[in-house]
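Subject: Structure for your review

Dear colleague,

Please find below the structure that I am handing over to you. I would be grateful if you could read the notes that follow beside the sequence and the coordinates.

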Amino acid sequence: MKAKLIDLVEIVVHRAYRCKDREYVRVARAVDSADLRDRLDRAVDSDSPWARCQAGYVHWLLDRPDVPNTRHVWRSWVAGTASA
């Protein structure tokens, strides 16, 4: 089951945004592992600007479990103003 959820998170970060995609951060946090982080790292290095952005955000939040996954945090992160 964990492997399928990791696959799902990988699919979400690679596709164009759909309503509620941001909610998959909760899934990513639940299945956080070296495998998931490796996949996110590959997505960050991909040719797709969307995958780079989305995967970077998910990875950033995995490194900061106390930061909430809110629209404000997403917008701040995209704007480059999220606190490290």
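The notes below cover one helix, the nonpolar core and the internal cavity.

Please bear in mind that this is a predicted model.

Helix α3 spans residues 34-44, and its residues L36, R37, R39, L40 and A43 are buried. These residues lie on the same side of α3, because they cover an arc of only 160° around the axis. A34 and R42, on the other side of α3, are exposed. The buried residues of α3 pack against three helices: α1 (2-14), α2 (24-30) and α4 (49-62).

Two of the buried α3 residues, L36 and L40, reappear in the largest nonpolar core. This core holds 19 residues, of which L36, L40, Y57 and V58 touch the most other members. At least two residues of the core come from each of α1, α2, α3, α4 and α5 (71-79), and α4 gives the most, with seven residues. Leaving aside residues up to four places away in sequence, L36 is in contact with I6, V9, A28, V31 and L62.

There is one cavity of 30 Å³ or more, and the volume of the largest cavity is about 60 Å³. Its lining consists of V9, V12, V13, D21, R22, Y24, V25, Q54, Y57 and V58. The elements that give two or more residues to this lining are α1, α2 and α4. By type, the lining residues comprise seven nonpolar, one polar and two charged.

Yours sincerely,

Key. Residues are numbered from 1 along each chain as its sequence is written. This is a predicted model: local features need pLDDT of at least 70, side-chain atom pairs count only at pLDDT 80 or more; totals for chains, interfaces and linings use all residues. Side-chain values use heavy atoms; hydrogens and water are left out. Buried means under 20% relative accessible area, exposed over 50%, partly exposed in between (1.4 Å probe, protein chains only). Helices (H or I, at least four residues) and strands (E, at least two) are DSSP runs, numbered from the N terminus. The arc is that of the directions from the helix axis to the C-beta atoms. Contact means heavy atoms within 4.5 Å. On a 1 Å grid over the protein atoms alone, a cavity is a set of points where a 1.4 Å probe fits but cannot get out, and a pocket is an open set with protein on both sides within 12 Å along at least five of seven lines; lining residues have an atom within 4 Å of a point. Grid points are joined across faces, edges and corners, and a volume is the space filled by probe spheres set on the points. Ala, Val, Leu, Ile, Met, Phe, Trp, Tyr, Cys and Pro count as nonpolar, Asp, Glu, Lys and Arg as charged, and the others, Gly among them, as polar. A nonpolar core is a set of buried Ala, Val, Leu, Ile, Met, Phe, Trp, Tyr and Cys residues joined through side-chain atoms within 4.5 Å.
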